[in-house]
Every structure is written in C-alpha cells, then in structure tokens.
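Please open the structure in your viewer and follow the stops below in order, making each selection before reading what is there.

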Amino acid sequence: MAVLALWAGTAAAQAPAAFAERFARNCAACHGAGGISSMALTPSLAGQPSFYAITQLFLFREGRRDSAAMTALAKDMSNDDLRGYADFIGTLPPPRPDAAPGGADPLRMERGATLTKRMHCTGCHGSDLAGGSQVPRLALQREDYLLHALRGFRAATRVGYTQAMTEALAGASPEELEDLAHYLARVPAGRPP
Amino acid sequence: MKADIRKKSWRLAAAALLFAGSAGVMAQQKPEEEPFWAKGRPKTDTAMKMAPVPAFPIPTAADKLPVAKLKLPPGFKAEVWASDILDARGLRQGDKGTVFVSSLFVAGKIYAVTDQGGKRTVKTIAEKLFLPNGIEFHKGSLYVATPKDITRYDDIENKLDNPPKPVMVYDKLPGEVPHGWKFIKLGPDGKLYVPIGAPCNICEPGEGFAKIVKMNLDGSGVENVALGVRNTVGFDFDPKDGSLWYTNNGRDWLSEDLPNDTLNRVSQPGKQHFGFPYCHQGDFADPEFGWGKNCDDYAKPALLTGPHAGTLGMRFYNGKMFPEKYQGAIFIARHGPWNRTQKYAADIIVAWPDGKGGIAKMEPFMTGLVENNAYLGRPVDVLVLKDGSMLVSDDHNGAIYRISYGS
C-alpha cells in the first residue's frame, strides 16, 4: 500500500483512456474484455492489484517468468507502458461471485477451504483471498490457470522473486493442488473460507 | 522429539500472549510452515495484513524523485545524484571514484556508477545474482557476498565494460534465505567481516547462525567476532580505535513498540554475546527463549533505534565537508518498518559516540520520506564520498541522493 503512493502521481498523469484502448487492442483477445478470461490456461486480470500486475509485467519483460507469449509482448514495453497497463488492470472490477463456474463439488470445496488454512494461503492472499499490493487475487480465478500455476510453483518451474510459493506448497499432494484450484475458482471474495 | 516439544511450547506461549481469543488456530492438525517472516504474527486482522513490501520494480524517474521533500539541518542540501538504479541498496566507492551499488531480489544486479564531471553513467556489471546485497571494495577488487558465497571481481574499475569472471573467495556460507543477505566490510585488521543472520524471526539459531564472523581475504581463518546477533545489515569501524559498531534488526511481532532495533559496539571481539534469541534490546527477555535467562549476562546495546525501524547501513563520518560537530559521528540509515501500523523512520539519523563505548546523543538528520502513513522513499545505505559529501541509497525509488554542506 505504501508503495502505491510512490507512483500515484505518475499514474494520474497517464491518460487512462490510452491504456484502456491499448488493453483492448493488446490484452483482451486472450485475457478477455474487462479482464475476465475465457481462454484456457489464461488468467483473468480483473481485480488484480496494480502492484501485482506491474511486478508480473516486469518479470515477463526481464525473461524471469516463463511465458514466451508474454515475454514477447512485454520485452519492448517502456517503464511508462508497464505503469500504464498495470494501473489500468488495477481499475478493472473483480469477477462477480455469480460468475463463478458451476460444478462445485461440496466435498472438494470443503477440502479446498481446509487447505487454504493449512497451507497458510490467507496469510498473504488475505482472509477473502482477494490479494492486495504485490500479492495476487486468487478468488474466482480460472480453475485451469490456478492449477497450472500451483503445479508450476510446486515443481519450482515457476518462481517469483523468491521461492516463497514453492516452499508454501512443499507439503501439498497433486490431488490437494486440484482441490485448491477447484475451491479458489469458486470461492466468493469477501466470504472468508 | 525435543523440537516438537519446543514447537508446542512456543505455540502455547504465543497463544497465551498474542492469540488470546483466537484459539481456533490451534485446532489444526498439521499446519504447514508459514513463511519465515510470518512466524509469530498475531492472527488479528490488522497484523495479518502486514507483509514485507518488495522494492517497486520500476525506478522512479529523476524528475519525480522526492528530493524536494527531504528535510536536513540548516546549511545542508540534498540533490539527486543518480536515478534509474532498480533496487539500489549497498554503496561502496572504488579507488578511482566508481560508486558500486548492490541490490536484492528485485534486481539481482551489481551496478557501477561513474561520474564524468557531474554527468553520471550507470552500468550493470553483474546480473542474475542471488540476493547480492553485500559488497566491499579493496585494492582494485570488488567483493560480492550472497547468502551462499563471496566472490571477487579483480581490477574491476578498469573493466567496467567487460567485467572479469568472478573468483570464488568463500563458498561455505549457509545459503539460508531468512536474514541470509549480507553486508560486508573490510576491517582495520585486513580481514573481511561477514554476518550470518538468524535463519528465522525468532528461534534457537544453532552455532552457525546469528553472528558476525571475520575471515582472511582468501576465505581462510574464519573466526567469530560477535554472537547473539539477529540480523545486521550495516556496520563500520570507529576510526578512533578500530572497534566494530553494528546495527541490528530486532525480532518481529512481539508488539508494535517492542523490541527496538539497536546500535552496538563490539568491545571484546569473539567474546561477547549480544542476546539473540534470549534477550532483546539489552533489557527485554524474550517471552519464550528468555525464560531462565538474565539480560545482564549479555552485551548491552549502545543505542536503541526504534521498534521495527529497519536499521540498516551506517558510516562513521570523517570527511572534510560537514561542520566540525559531525566529525566522528555515526550516520545510520533506517529503512522504515513494514510490520508496524504507524509508519515512521525511512530516514538518516546521526549518533555521537561518548568515547566510553556508548552514545552521547542522537538526532534526526535526513527526514521527510513518510507522508500519510506511507513511504515516499526508503533509505538503505550511506557512503561518505572523498569530497566529504554523503550518498544515500533508496531502494524503493531506485535512486541515490547526495547530501552536501555549504555552497
């Protein structure tokens, strides 16, 4: 939160409309209009904190997060581009609870809820799993992307700045990762697990 | 088995002290490990929202830096010395004037800043390093310490455009990430001083941790210098008597206002224990590890520098530019707390040794970076340049400021 103040001034100086248009042109085809993704293995960006968004864009640009497609897009972005896109993403309203996918399995939902406590997910992602600052929103993210990300962290093929997520998931079985993704994709933000 | 018992007793003690009214957390069967910085965090909503904040991944443009906000004593002036240095942290100056800048995990780089008559050029001389926070310059070589090892870049100032392959100096550091990043410095005895922080917020650290050691420049002859040191990311040697003074970061989550960070003097190298994990700030026994311990059995700090202040880099001033009263004083960078509701510090303070191993007085020196309970910048290290002016690094803006006196 503190850090947002560092660049709030510059953010306001950017024309948000320009990045709304650039988002529509360069991002929406995969991440969805309004940042709600309907493409397999592609995350929704709606509701993600701008600090998280700019951190990921930075990691893509530097080739430190493994996605050829995103690195290709980000590699020529300027610092102002990163700020502009991240600020715009930060304004997208999060997915609505009634947009959660169907097919909730009560048993898996219960196991998922228990797992978010056991794995200390809420310790960083918040009691409502909505993220904040540099930490991503998990609630109502796409299930296939969540599972992909969780498996990547578990196998240490996806790293952030540190191995924090790999360490957090060290004790999770493959089935537990599936239950977590099932639950997170359906848990309404604002309702603590 | 023993570890289990210890863990359980900690949980009980912690519950009694901190978690009163939220016994639910104890009902879990097999909790996974929390991240090290979160251990001991109260489960209240306010505390649960606090987490370390990484440096912003984009440096602040030179014309947007908060230099106009900086407040200094009369006659002093602050200016932007260099910008666009992502995650700028440790500062050292080479014999030919190059300023070397270290970074942590956001950048993972070492930079060299050269000055061509007031115009400065920033070059990246090493990258993809593992938390390369510790740097030192000696006889043409730049030493770089990560949590795992110490390497050396020889004749570096003549090779900034084509840096040499680093030579391994010492590869037996534990590599633990919690408090594993370094601050290193050459002592007046020609040895390299290296801290090995506690691998935790609060724990029984074991013999290999929570201390400062020194070694020969080839990595041989490792000796203990100070024990019971939780995490120091700043130290210097008193030009008057060569004694080591270091800053220390106090344990987290005990309370908003306890314990303090400290400034300490090592008067008997290798013989003193500074208290961690048993006693904090010289007079406060740890609620778990302090049972049966007496704070008077440990070396006392010279100065308390504030709860969770993030007290980092420090230097004795013996330059020729600042007024006489600053001769021999210690300038100390405080990063500002991440785990305290009310933000403060993010400043440079100055402390005057009393000549008897203590501190006579302390004053704020550079302030103004806390506004609306948020940071406009966060100082990490200070460096006295050959002309007597002082550089201050700010990792959250990716910038270096220069403080000068007079016209």
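Helices here are DSSP runs of H or I of at least four residues, and they are numbered from the N terminus. With that in hand, note that the model is a predicted one, and begin in chain A by selecting helix H9, residues 143-154. Just after H9(A), Ala156(A) takes a positive phi of about 60°. The helix itself has 12 residues and reaches 16 Å from its first C-alpha to its last, close to the 16 Å expected at 1.5 Å a residue.

Now colour the buried positions of H9(A), which are Tyr145(A), Leu146(A), Leu147(A), Ala149(A), Leu150(A), Gly152(A) and Phe153(A). These buried residues pack against H4, helix H10 (164-168) and helix H11 (174-184) of chain A.

From there, move to one of those partners, H4(A), by selecting residues 50-61. Its 12 residues should span 16 Å at 1.5 Å a residue, and the end C-alpha atoms are indeed 16 Å apart, which agrees. Is this helix enclosed by the rest of the structure or open to the outside? Of its 12 residues, 12 are buried, so H4(A) is largely enclosed by the rest of the structure. Among the buried residues are Phe51(A), Tyr52(A), Phe58(A) and Phe60(A), and also Gln56(A) and Arg61(A). Just after H4(A), look for Gly63(A), which takes a positive phi of about 70°.

Next, select the whole of chain B, which has 2 helices and 28 strands. The radius of gyration of chain B is 21 Å, close to the 22 Å that the globule rule gives for 407 residues, so chain B is as compact as a globular protein of that length. Turning the chain along its principal axes, you will find that the C-alpha trace spans about 65 × 50 × 45 Å. Of the 407 residues, 59% count as buried, and residues 24 or more positions apart account for 55% of the contacts with a separation of 6 or more.

With a surface drawn on chain B, about 16,700 Å² is exposed, and carbon and sulfur atoms supply 51% of it. If you mark the 51 positive and 46 negative charges of chain B, their mean positions are 1 Å apart.

For the last stop, centre on Glu176(B), which lies in the loop between strand S9 (167-170) and strand S10 (185-186) of chain B. Glu176(B) is partly exposed, with a relative accessible area of 37%. Leaving aside residues up to four places away in sequence, Glu176(B) touches Pro147(B), Pro199(B) and Phe209(B). Of these, Phe209(B) is 33 residues away along the chain, and its C-alpha atom is separated from that of Glu176(B) by 9.8 Å.

Conventions. Residues are numbered from 1 along each chain as its sequence is written. Chains are lettered from A and ligands numbered from 1 in the order in which they are written. This is a predicted model: local features need pLDDT of at least 70, side-chain atom pairs count only at pLDDT 80 or more; totals for chains, interfaces and linings use all residues. Side-chain values use heavy atoms; hydrogens and water are left out. The radius of gyration is taken over C-alpha atoms; the globule rule is 2.2 Å times the number of residues to the power 0.38. Buried means under 20% relative accessible area, exposed over 50%, partly exposed in between (1.4 Å probe, protein chains only). Contact means heavy atoms within 4.5 Å. Accessible areas come from the Shrake-Rupley method with a 1.4 Å probe; for residues, only the protein chains shown count as cover. Lys and Arg count as positive and Asp and Glu as negative; His and the chain ends are not counted. The place of a charge is taken as NZ of Lys, CZ of Arg, CG of Asp or CD of Glu. The expected span of a helix is 1.5 Å times one less than its number of residues.
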